[in-house]
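Trainee: I am new to this structure and would love a close look at one part of it. Could you pick a helix and walk me through its surroundings?

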Amino acid sequence: MMKPIRLAVLGSTGSIGQQTLDVARRHPDKISIIALTAGENVNLLQKQAAEFKPRFISCRGHNLVCGNSLCLPIEEMARHLDVDIVLVAVPGGAGLSPALAAAGAGKTIALANKECLVAAGEILLAEAKSHGAQIRPVDSEHSAIWQCLTGETSKPEKLILTASGGPFRDYPIEKIESVTPEQALAHPSWKMGKKVTIDSATLMNKGLEVIEAHRLYGIPYERIEVVIHPQSIIHSMAEFADGAVKAQLSPPDMRLPIQYALSYPDRWETPDLPRADWPKISRLDFSAPDFERFPCLKLAIGAGKKGATFPAVLSAADEEAVELFLSRKIKFGDIARLVGKTLEEHIPAGGPSLENIADAENWARQRVSELARSL
Ligand SMILES: NC(=O)C1=CN([C@@H]2O[C@H](COP(=O)(O)OP(=O)(O)OC[C@H]3O[C@@H](n4cnc5c(N)ncnc54)[C@H](OP(=O)(O)O)[C@@H]3O)[C@@H](O)[C@H]2O)C=CC1
Ligand SMILES: CC(=O)[C@@H](O)[C@H](O)COP(=O)(O)O
């Protein structure tokens, strides 16, 4: 019998983290939870620690005592000798440093955080390559593409990323400007953390995912298409040289891509994960995205094509703007406006080194808050 995977769950109190623990509960013989981390939610972290008895825990700014669990900085957990797989589910720019630590230690990384690939993809992938670390995508679209490519010997000609279209897919366009955080947080198909849910509503999420797909699969931007698919059953597709298109389909449930990132190359029997009910689904719809309705998608693809520190500026500016929107300091429509203006003003200081990326991100966050004050 195989030894259980020793898993570190970074961001265990969040949406992906909790679903990962749900997968672990279903497969106690295959997964041993060795480390858990939270940002602020000490109570939930303590409950999780009492259940899974990890060797290490961490909560930002707290020196926790929790049973026999040792309190360790997140980067130290990510590179610890006794960890086999590091699941990175910390959102935004905070995901980069533990992902880099895991890559530098040659770990297998189940990567949910997309922002680190957007901002510093070249560096993270090079670090992983030079230390023999494997990056397994958890993001549903990139997991779908990975599943489509498994067993293929040639690169796909084209990638097709599906997007639900979010809550404002068919909303009157003139009213989108001033929708509330509650409306924007009402995602039609997925229950996710706040940042990624707002990104889905602006379609910035899909823009970040286009850059993520370009980085992971080396496909030029011109050959990555975004298609609105409201049912969220097809999670993405790959088209090959002979015109064949492979797709991965399943009900929208992140436990499947999370589990695949842990079980690869196997698939574990999980009869209680939801199965597609085809007569009930009955149809699958597709349409082209409306760039006027969703300006963030265009901004993201433009930043990806420009390269250098533009993707880092895009990601940091968006993170700052989303926070301002959630705290009701700016309107929904201002997110695209502020990110667009910040990108317009950005003058790269050089190539995308870690130092240049950090400087560009700091500048972008500051510029967004200045611009927001002058609105
Ligand atoms: N949710 C989903 O279905 C999907 C998510 N993703 C990506 O996965 C990542 C996580 O998303 P999601 O789970 O939804 O996010 P959540 O906001 O639900 O959870 C985030 C987790 O990270 C912790 N955290 C937040 N900020 C920090 C910080 N600065 N340092 C350390 N820990 C921190 C939180 O702790 P606390 O609870 O204490 O605040 C929580 O455990 C994102 O990058 C997202 O884009 C990708 C595809 C799907
Ligand atoms: C669950 C997941 O992986 C998200 O990235 C999701 O796909 C977001 O939905 P949208 O298609 O609305 O951006």
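**A helix and its surroundings**

Mentor: Happily! Let us start at the end of helix α6, which is followed by Gly151, a residue with a positive phi near 95 degrees. Please keep in mind that this is a predicted model.

Now step back into the helix itself. Helix α6 covers residues 140-149, and nine of its 10 residues are buried, so the helix is largely enclosed by the rest of the structure. The buried residues of α6 are Ser140, Glu141, His142, Ser143, Ala144, Ile145, Trp146, Gln147 and Cys148. What lies over them? The cover includes the strands β7 (134-137), β8 (158-163), β10 (234-239) and β11 (245-249), together with the helices α10 and α11 (255-263).

One of those covering elements, α10, deserves a visit of its own. Helix α10 runs over residues 204-217 and holds Val210. Val210 has 24 other C-beta atoms within 10 Å, and a residue counts as buried from 20 upwards, so Val210 is buried. Leaving aside residues up to four places away in sequence, Val210 touches Leu161, Tyr221, Ile224, Val226, Ala300, Ile301 and Gly304. Take Ile224 from that list: Val210 and Ile224 are 14 residues apart in sequence, while their C-alpha atoms are 6.8 Å apart in space.

To place these pieces in the whole chain, look at the domain assignment, which gives domain 1 (5-137), domain 2 (139-304) and domain 3 (307-375). The centres of domain 1 and domain 3, taken over C-alpha atoms, are separated by 27 Å. Where these two domains meet, domain 1 supplies eight residues and domain 3 supplies nine. On the domain 1 side, the touching residues comprise four nonpolar, two polar and two charged ones.

Let us finish with a pair of helices further along the chain. Helix α15 (residues 332-345) and helix α16 (residues 354-373) pack at an angle of about 125 degrees, and their axes are 10 Å apart. The two helices are therefore oblique to each other. As for handedness, α15 passes α16 in a right-handed crossing. From α15, the contact draws on Leu338, Lys341, Thr342 and Glu345, and from α16 on Ala364, Arg367, Val368, Leu371 and Ala372. Sorted by class, the residues of this contact are five nonpolar, one polar and three charged. A general point helps when you look at such lists: an α-helix has 3.6 residues a turn, so residues three or four places apart point the same way.

Terms used. Residues numbered from 1 in each chain as written. Chains lettered and ligands numbered in written order. Predicted model: local features only at pLDDT ≥ 70, side-chain atom pairs only at ≥ 80, totals over all residues. Axes fitted to C-alpha atoms, helices over the stretch in contact; angles between N-to-C directions. Helix = DSSP H or I, 4+ residues; strand = E, 2+ residues; numbered from the N terminus. Parallel < 35°, antiparallel > 145°, perpendicular 65-115°, else oblique. Left-handed = near helix turned anticlockwise from the far one by under 90°. Contact = placed C-beta atoms within 7 Å. Nonpolar A, V, L, I, M, F, W, Y, C, P; charged D, E, K, R; others polar. Domains from an automatic or database assignment. Buried ≥ 20, exposed ≤ 12 C-beta atoms within 10 Å, placed from the backbone.
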